[in-house]
Amino acid sequence: MSRWAGQPSIKGSTEAVRMALLTLNTIGITFVWGVEQTYCTPYLLSLGLTKSKTSLVWIAGPLSGLIVQPIVGALADESTSKWGRRRPFIVLGSILSAICLLTLGFTKEIIGFFVPDEKVAQTFTISTAVLAIYAVDFSINAVMSAARSLVVDTLPIEKQQTGSAWGSRMSAIGHGIAYATGAIDLPSLLGTSLGDTQFKQLTVIAAVGLVFTCWVTAWAVTERILVASRHDPRKEEGGFKVISQIWSTIVHLPPRIRAICMAQFWAWIGWFPFLFYSTTWIGETYFRYDAAHNAKDSGDALGEIGRVGSEAFIIYSFITFFGSWILPMVIRSPDDESYTQRPPESLRGIVEKLNKYKPDLLTAWMCAHATFAGAMFFAPFARSFRFATLLVCLCGLPWNIASWAPSAFLGVEVNKLSGAAGSNPSYRRLSHDSNVEMEEITGLSSPSILDPDGSRVATKPSSTGQLSGVYFGILNIYTTIPQFIGTILSTVIFSILEPGKSPELAHNAHPDEHHGTDGPNAISVCLFIGACSAVVAIFATRKLKYL
């Protein structure tokens, strides 16, 4: 049996403050993703890469998720650090990500300092930019893995949906800030103090924001300390221990967790092209059908496409932000049968009537798949910037639920497996004015409150989410494998439909090297295929009803 010292706690006098501090790092994480998804594809195209080669670069995302998140999760699960199991990975990972972001933003300057020859420098610049993207993805995935598990470890079982919903809210805020800053002409506003281009300044802001938000979460949260983990005879000792544990867990996944993972698998074949290519698609649609001729000859085409895509995604972010607050109020939590929050007496009658008509989270998740599929089926027919923006905005609420539902369902299942049969005995407020959390006085209690010398440790099983790192890592495997599939599909589609360099961005290339713009936009075809996969996700999600 595992032995623990202390108890989880979060600074703050109200639940809203505690939830905000617990999930604040999500703002920094999603800000980084927002900058990467908005600007990195056009940035690579501006360096002279074709779309098919650029799509191969984005294999970095699924590759890092496949390797980093499960391994970091498993290593953190076994960590006996006095700082906790998750926070060291969050802090160190954020610092490494910030360094890599700055390298990406200032690649040309760094290479130019060492390589004076322009032609040779161009090759090194492309290689360094690609490596920097890989490094950012690998390091940010380590932060994500630890941050998700921190929520599961810290919150009781009936608060798992609340924690996931707050994570979704912070994600919407992070994306909103990223798209808002991306839509502003930063060099005109800030001058050249942070760099002389839009992309450079965004990487600086993203790096600082990531480190700051991760440090605040690490400061605000106190973790339980793992003193000794339980011995599992199935686990091998030695270098392959982590890989063996992950593989064994995948093979023996409980049926409901396996169903959650399969729903995520089919959904993410659709979400991958949407997240990585839709801003570029909107920018290209604008340049091909709406922009004046002189706008097409802009000296900063990368900034123009990034700003156009960001403007569309600001609306999308407003929808996801308000949805992240409203949807949890109108959707039943997956653990409602075992826990019912008491409403204020004055609102009790209204709330009880509304509860009868609340859809459950599973139904909402299926509806989200259907809405996303319906919108993306029309992507190849977009012939205006406004229509493309409308289709993207229709996916705002589905993305809210897609970000929140899998984590909420998995958090509940993991805590059930950890031995919790209701509320988490390790998370109780002593008073509304205190930051101290107290264990149930059953079995051995917290050394920080009832055992100041730390001579005793908790051995009673509670919803500590002991293997949350492994299970969330496995969920991420089912999130990243479809990204590999999406990368291969997009590479083939780009090679067939648009084999040349971008006419909108690769201005230094010879016109004969540019691809044509008469046929369907290759990105829109990828989005259409994603819609077909979302239809399959509806039926995969529906299986959870019968398990």
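A cavity here is a set of grid points where a 1.4 Å probe fits but cannot get out. Keep that in mind for the first two views, which, like the others, come from a predicted model.

**View 1. Empty space inside the model.** Rolling a probe the size of a water molecule over the atoms shows where empty space is left. Searching the whole structure this way turns up six cavities of 30 Å³ or more. The largest cavity holds about 810 Å³ of space.

**View 2. Who lines the largest cavity.** Let's step up to the wall of the largest cavity, which is made by 39 residues. Look for Met144, Arg148, Ser171, Trp399 and Ser403, the lining residues that lie nearest the centre. Eight helices each give two or more residues to this lining: α1 (15–23), α2 (25–46), α4 (60–77), α7 (118–154), α8 (160–183), α12, α18 (396–417) and α19 (468–497). Helix α8 supplies the largest share, with seven residues. By class, the lining of the largest cavity has 23 polar residues, 15 nonpolar ones and just one charged residue.

**View 3. Helices α4 and α7, side by side at a slant.** Two packed helices are described by the angle between their axes and the distance between the axes. For α4 and α7, the angle is about 40° and the axes are 8 Å apart. These two helices are therefore oblique to each other, and α4 passes α7 in a right-handed crossing. On the α4 side, the contact is made by Ala60, Gly61, Leu63, Ser64, Gly65, Ile67, Val68, Gln69, Val72 and Gly73. Helix α7 answers with Ile133, Tyr134, Asp137, Phe138, Asn141, Ala142, Met144, Ser145 and Arg148. Sorted by class, the contact of α4 with α7 has ten nonpolar, seven polar and two charged residues. Met144 and Arg148 may ring a bell: they were also among the residues nearest the centre of the largest cavity.

**View 4. Helices α1 and α8 where they cross.** Here the axes of α1 and α8 sit 9 Å apart, at an angle of about 65°. Their crossing is right-handed. Glu15, Ala16, Met19, Ala20 and Thr23 of α1 meet Thr162, Gly163, Trp166, Gly167 and Met170 of α8. That contact of α1 with α8 divides into five nonpolar, four polar and one charged residues. Both helices showed up earlier, in the lining of the largest cavity.

**View 5. Helices α12 and α20, running opposite ways.** Helix α12 covers residues 255–290 and helix α20 covers residues 522–542. They pack at an angle of about 160°, with their axes 8 Å apart. Angles over 145 degrees count as roughly antiparallel, so α12 and α20 are roughly antiparallel to each other. Helix α12 passes α20 in a left-handed crossing. The contact of α12 with α20 has 17 nonpolar residues, six polar ones and one charged residue.

How values were computed. Residues are numbered from 1 along each chain as its sequence is written. This is a predicted model: local features need pLDDT of at least 70, side-chain atom pairs count only at pLDDT 80 or more; totals for chains, interfaces and linings use all residues. Side-chain values use heavy atoms; hydrogens and water are left out. Axes are lines fitted to C-alpha atoms, for helices over the stretch in contact, and angles run from 0 to 180 degrees between N-to-C directions. Helices (H or I, at least four residues) and strands (E, at least two) are DSSP runs, numbered from the N terminus. Angles under 35 degrees count as roughly parallel, over 145 as roughly antiparallel, 65 to 115 as roughly perpendicular and the rest as oblique. A crossing is left-handed if the near helix is turned anticlockwise from the far one by less than a right angle, and right-handed if clockwise. Ala, Val, Leu, Ile, Met, Phe, Trp, Tyr, Cys and Pro count as nonpolar, Asp, Glu, Lys and Arg as charged, and the others, Gly among them, as polar. On a 1 Å grid over the protein atoms alone, a cavity is a set of points where a 1.4 Å probe fits but cannot get out, and a pocket is an open set with protein on both sides within 12 Å along at least five of seven lines; lining residues have an atom within 4 Å of a point. Grid points are joined across faces, edges and corners, and a volume is the space filled by probe spheres set on the points. Contact means heavy atoms within 4.5 Å.
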